[in-house]
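Biologist: I'm new to this one, so could you take me on a close look at a single part? I'd like to hear about the charged side chains and how they pair up.

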Amino acid sequence: MTPSMTRRAHLAALVAGAAFGAGPRSASAQTVPWSAGTERPTITVPPGATDCHHHIYDARFPASPGATLRPQDASVADYRLLMQRLGLTRHVVVQPSTYGVDNGLLVQSVTAFGPTARGIAMLDASVTPEELKRLDGAGIRGVRFGTRLPGGAPITDMVPVARKIADLGWHIQLVSDGDKIVELADTLKGMPVPVVFDHMGHLPEPAGPDHPGFRVIADLIETRGAWVKLTGAYLASRVGPPTYADRGRLARAYVALAPERLVWGTDWPHPTAPADAKPDDALLLDLLARWAPDEAVRNRILVANPAALYGF
């Protein structure tokens, strides 16, 4: 038995009894670019299950001059293979820092995917009402700002952009470390649109839910209708696969707090992970059975919540 099979068997044992709709695992194996493993998930997702965070990369589109994250190509066709492997129906393409505020590839990708896709753009304060109308028609539903990697609009543009998108019903998606979230707390409380926190707020380990950023996010959920993406378990985990137990503690804290404000995603093609050390997306999906063992809660996180947030 290979180490990969051992890890997958270990996780399957861990989620046994917690998986919903579980049946015999498909005997077919499927290789997906930029995703480790070939097996399908242990759990069976419901119709309408949504991946709320992935990216597309294409070297034919110029990178932002200041961008430092420049992964290899990850195409629409590649991602469709992942959808098949995981059993997903809908998904959200997120503009990476690589392309900054040039959303050409994003719009092309969402258009190619069709009505099962939505997009999250990067924009600066110069964006015009005409451009926002065009993007809205193309399926864009939010604007991403970040403080972790260069390439996007400055964080000082976040509030002006939020004011411009408020009438569209869009949201701001924030990718920022826990300490920076604490620093931005007053700004976030005054936002005219909801805030969606990438990757569980990037709260560091081993603090996890004990980090002061968790309280800031919790307050924003309770008072401002914020959302959290249960994504990127591999990014900050000190435990690692197959359990990512430390990130599981954080994920379960969010589930206990506000399951109605959570969505899930893969973060495929895992751009910050080395090309030879990508996580197994089937394993990442299986983790949701441990984080949210109640079937109704899982269904809400996978289907109803994304439908509400992205307008599916």
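**Charged pairs, up close**

Modeller: Let's start with Arg249, which counts as partly exposed, since its relative accessibility is 35%. Keep in mind that this is a predicted model.

Who does Arg249 meet in a salt bridge? Its partner is Asp210, with 2.5 Å from N to O. Arg249 belongs to helix α10, while Asp210 sits in the loop between β6 and α8, so to speak a long-range link: the pair joins distant parts of the chain, 39 residues apart. Asp210 counts as exposed, because its relative accessibility of 58% is over the 50% cut-off.

Helix α10 (residues 245-257) also holds Arg247. Arg247 forms a salt bridge with Glu205, and the closest N and O atoms are 2.7 Å apart. Here too distant parts of the chain are linked: Glu205 lies in the loop between β6 (195-197) and α8 (212-224), 42 residues from Arg247.

Are the partners in that pair buried or exposed? Arg247 is buried, with a relative accessible area of 1%. Glu205 is buried as well, because its value of 8% falls under the 20% cut-off.

Now for some other charged groups. Arg141 pairs with Asp136 in a salt bridge, where the closest N and O atoms are 3.3 Å apart. Asp136 has a relative accessible area of 25%, so this residue is partly exposed. There is also a network of salt bridges that links Arg215, Asp219 and Glu222. How many salt bridges does the model have by this rule? The count comes to 11.

Why would such pairs turn up at all? Side chains of opposite charge can pair when their charged atoms come close.

Asp78 makes a nice contrast to read alongside these pairs. This residue is found in helix α2 (residues 76-86). Asp78 is buried yet has no salt bridge. The nearest side chain of opposite charge belongs to Arg80, and that is 10 Å away. A salt bridge needs a nitrogen and an oxygen within 4 Å, so a gap of 10 Å from Asp78 to Arg80 doesn't qualify. What does Asp78 touch, then, leaving aside residues up to four places away in sequence? The answer is Val32, Pro33, Asp73 and Trp268.

So, back to where we began: Arg249 and Asp210 meet in a salt bridge, and Arg247 and Glu205 form another.

Notes:
Residues numbered from 1 in each chain as written. Predicted model: local features only at pLDDT ≥ 70, side-chain atom pairs only at ≥ 80, totals over all residues. Heavy atoms only, no water. Helix = DSSP H or I, 4+ residues; strand = E, 2+ residues; numbered from the N terminus. Buried < 20%, exposed > 50% of the residue type's maximum accessible area, 1.4 Å probe, protein only. Lys, Arg positive; Asp, Glu negative; His and termini not counted. Contact = heavy atoms within 4.5 Å.
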